Amino acid sequence: AEKSIEITIVPGPQITLTPVDPTSCTEANGSIVIGGLTAGETYTVSYSQDGGTVVSEDRRADADGNTTLENLGVGQYEIEVMDSAGCTSGPQQTSLENPRLEVSASDETPCGGDDVQLMSTVTSGSGDYSYAWTGPNGFTSTEAEPQILGITAAQGGTYALVVTDNQ
């Protein structure tokens, strides 16, 4: 006697992860959008931050096939999604990062008497920033990109910037 059986492989969820970084270094207001889910279906989402304790939650996918993990801080996250059939996405990683700050000057080796523009670029955060520049010879400014008119030798040196996100 001979019999056969057909086995159908059911794939696990094919997820995408879209990180949204926190708005400041000290806030836990980042999020991770988990996409690629079936709208209206309930999934068990398991995640951990920086290899810590695994949190598991049942979450329903919205009309766009997404669910969002919210109130997250900076760190490396591992996320796995299980559907109602018990099939999993397999672990996937993403990270949330602090806002980034870059500073530069229009001319880092000016001649005496030249005008110098200090420049800053902040990525991430809310966009509502306060700036505090300091530098040689008592220089201070609260502008994002202050200009030093007719720079002198006494004004040569290191300029530092602290940016605060007001949100």
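In the predicted model, a nonpolar patch on the surface is formed by Ile5, Ile7 and Ile9, whose accessible area together amounts to about 410 Å². Within this patch, Ile7 belongs to the segment that precedes strand E1 (16-20). The relative accessible area of Ile7 is 65%, and this residue is therefore classed as exposed, the threshold being over 50%.

Positive phi values in residues other than glycine were examined next. Asparagine 71 has a phi near 60°, a positive value in a residue other than glycine. This asparagine lies in strand E5, which spans residues 67-72. With a relative accessible area of 60%, asparagine 71 is exposed. For asparagine 137, phi is likewise positive and near 60°. Asparagine 137 is placed in a loop, between strand E10 (129-135) and strand E11 (139-141). Its relative accessible area is 60%, so asparagine 137 is exposed.

With regard to charged pairs, one salt bridge is present in the structure. The partners are glutamate 57 and arginine 59, whose side chains meet with an N to O distance of 2.8 Å. Such pairing can arise between side chains of opposite charge when their charged atoms come close. The distance of 2.8 Å satisfies the criterion for a salt bridge, because the nitrogen is required to lie within 4 Å of the carboxyl oxygen. Glutamate 57 has a relative accessible area of 26%; this residue is therefore partly exposed, as the class lies between the limits of under 20% for buried and over 50% for exposed.

Technical notes
Residues are numbered from 1 along each chain as its sequence is written. This is a predicted model: local features need pLDDT of at least 70, side-chain atom pairs count only at pLDDT 80 or more; totals for chains, interfaces and linings use all residues. Side-chain values use heavy atoms; hydrogens and water are left out. Patches are made of residues with over 30% relative accessible area and no salt bridge: like charges are joined within 9 Å, nonpolar side chains (Val, Leu, Ile, Met, Phe, Trp, Tyr) within 5 Å. Accessible areas come from the Shrake-Rupley method with a 1.4 Å probe; for residues, only the protein chains shown count as cover. Helices (H or I, at least four residues) and strands (E, at least two) are DSSP runs, numbered from the N terminus. Buried means under 20% relative accessible area, exposed over 50%, partly exposed in between (1.4 Å probe, protein chains only).
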